[in-house]
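Please look over the sequence and the model shown below. The paragraphs after it go through some helix pairs, the ligand site and a few backbone details.

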Amino acid sequence: MTRVGVNGYGTIGKRVADAVAAQPDMELVGVTKTSPDYGAEAAIRRGYDLYAAIDDRVDEFEAAGLTVSGTLANLLDAVDVIVDCAPSGIGERNQPVYEAHDTPAVYQGGEDADIADASFNARASGDEVVGADSLRVVSCNSTGLSRILAPLDEEFGVEKSRVTLVRRGGDPSETDRGPINDVIPDPTTIPSHHGPDVNEILPDIDIDTAALKAPMTAMHTHSVNVTLDTETSAEAVRDLLSEQSRVFQIPEQAGIDGAGTLKDYASDLGRPRGDIWENCVWEKSVSVEGRDLYLFQNVHQEADVVPENVDAIRTIATDVSRSESVARTNEVLGVGF
Ligand code: NAD
């Protein structure tokens, strides 16, 4: 049984906590919050032990009527792996604390790649992640791109990939985010950081990325163009994608025409929080002309990294093979529509 803590119970942390708690081979020891807000109350109501992320805030929780089981230091001493889900850049500040407690850590994509022994994606990472004491699960966009570029490279060879990312302006809970009336190149420089981030997982893939930010919260959209080494057909690419356990091809007849209907579908199926852990590729968009492949895919930014975190924990703490871990995670969470 791998004992796991989650430091930072926000958008990603609360989902990782639920996913860990559901694994029969893992125990969620507890989660941290910095303040006694609705998230802290919800964690307790879900039955999770709550720890104060900042030592001198224990009294604040007690004053709000929320019982804490200790501080981050106590949590670190009680776990085999800590999953850092603090905001971008805070993981770097937490790193010396984890190291002082000799606690292996999983970090998120908002941290620089050099924070961990290796960056991680369950489908695309190589053997460099085996034996790592710390891993960084790449961002939602890099996860989504790695999941399709790895099989495309294995099957057809990737000569060059060009991706335009239309990014959601903020998560639904980020009330202070924008834009509200524009589409903004973000960053205005090309390539965006996403291509180099994919190269942390797939160093040999030639990839250029450009990103824009749009006034929506549901999902990111990727317009993908890959020049393959060999000529193929749209059917062969669809067949390849259908073999990928974390890629969902949206059937033409489903009447799903955007992120809104995708999320509606996930909610209708009873997915927790309407989460979509899979890449969503529009089957009809998969087009091949000679060696040029085009497709559209959406990724649910709050969810696609969640199964990857579970597999990163097993990679650090156990000798369960990657394929076995992915199979277990998929089965327990219900990944695959
Ligand atoms: P978030 O702001 O929703 O949640 C972060 C949580 O950490 C909050 O509860 C916050 O109170 C808490 N926190 C703040 N300071 C802390 C500290 N010092 N110690 C512990 N906890 C602290 O952020 P998020 O969106 O969940 O992002 C977390 C990480 O995941 C970032 O690296 C981000 O880049 C990455 N990520 C986010 C998304 C996304 O779309 N939200 C997708 C993929 C990866």
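The contact between two helices of this predicted model is a place to begin. In α10, the residues Pro307, Val310, Asp311, Arg314 and Thr315 meet a set of residues in α11, namely Arg322, Ser325, Val326, Arg328, Thr329 and Leu333. Sorted by class, the contact of α10 with α11 holds 4 nonpolar, 3 polar and 4 charged residues.

How are such pairs described? Two packed helices are characterised by the angle between their axes and by the distance between those axes. Helix α10 covers residues 305-317 and helix α11 covers residues 322-333; they pack at an angle of about 140°, and their axes are 9 Å apart. That angle makes α10 oblique to α11, because roughly antiparallel would need an angle over 145 degrees. The crossing of α10 and α11 is right-handed.

Helix α6 takes part in two further pairs, one with α8 and one with α7. Helix α6 spans residues 140-156 and helix α8 spans residues 234-242; the axes of α6 and α8 come within 10 Å and cross at roughly 125°. The two helices α6 and α8 are therefore oblique to each other, and their crossing is right-handed. On the α6 side, the contact involves Ile148, Pro151, Leu152, Glu155 and Phe156, and these meet Ala236, Val237, Leu240 and Leu241 in α8. By class, there are 8 nonpolar residues in the contact of α6 with α8, no polar ones and 1 charged.

The other pair joins α6 to α7, a helix of residues 194-201. The axes of α6 and α7 come within 9 Å, with a crossing angle of roughly 55°. Helices α6 and α7 are therefore oblique to each other, and the crossing of α6 and α7 is right-handed. Asn141, Ser142, Leu145, Ser146 and Leu149 of α6 make the contact with His194, Asp197, Val198 and Ile201 of α7. The residues of the contact of α6 with α7 divide into 4 nonpolar, 4 polar and 1 charged.

The next topic is the loop between β10, residues 184-185, and α7, where Pro187 is found. Which form does the peptide bond from Asp186 to Pro187 take, cis or trans? The bond from Asp186 to Pro187 is cis, and its omega is near 5°. Pro191 also has its place in the loop between β10 and α7. The peptide bond from Ile190 to Pro191 is cis, with omega near 5°.

Another backbone detail concerns Asp102, in the loop between α5 (90-100) and β6 (105-107). Phi of Asp102 is near 60°, which is a positive value in a residue other than glycine.

That leaves the ligand. How many residues surround the ligand? There are 21 of them, and the closest are Thr11, Ile12, Arg168, Asp171 and Gln301. For Asp171, a polar side-chain atom lies 2.6 Å from a nitrogen atom of the ligand. Gln301 has a backbone N or O atom 3.5 Å from an oxygen atom of the ligand. Thr34 also has a polar side-chain atom 3.3 Å from an oxygen atom of the ligand.

Notes: Residues are numbered from 1 along each chain as its sequence is written. This is a predicted model: local features need pLDDT of at least 70, side-chain atom pairs count only at pLDDT 80 or more; totals for chains, interfaces and linings use all residues. Side-chain values use heavy atoms; hydrogens and water are left out. Axes are lines fitted to C-alpha atoms, for helices over the stretch in contact, and angles run from 0 to 180 degrees between N-to-C directions. Helices (H or I, at least four residues) and strands (E, at least two) are DSSP runs, numbered from the N terminus. Angles under 35 degrees count as roughly parallel, over 145 as roughly antiparallel, 65 to 115 as roughly perpendicular and the rest as oblique. A crossing is left-handed if the near helix is turned anticlockwise from the far one by less than a right angle, and right-handed if clockwise. Contact means heavy atoms within 4.5 Å. Ala, Val, Leu, Ile, Met, Phe, Trp, Tyr, Cys and Pro count as nonpolar, Asp, Glu, Lys and Arg as charged, and the others, Gly among them, as polar. A residue is near a molecule or strand if one of its heavy atoms lies within 4 Å of it. A polar contact is a pair of N or O atoms within 3.5 Å; within protein, one must be able to donate a hydrogen and the other to accept it, and residues adjacent in sequence count only if both atoms are side-chain atoms.
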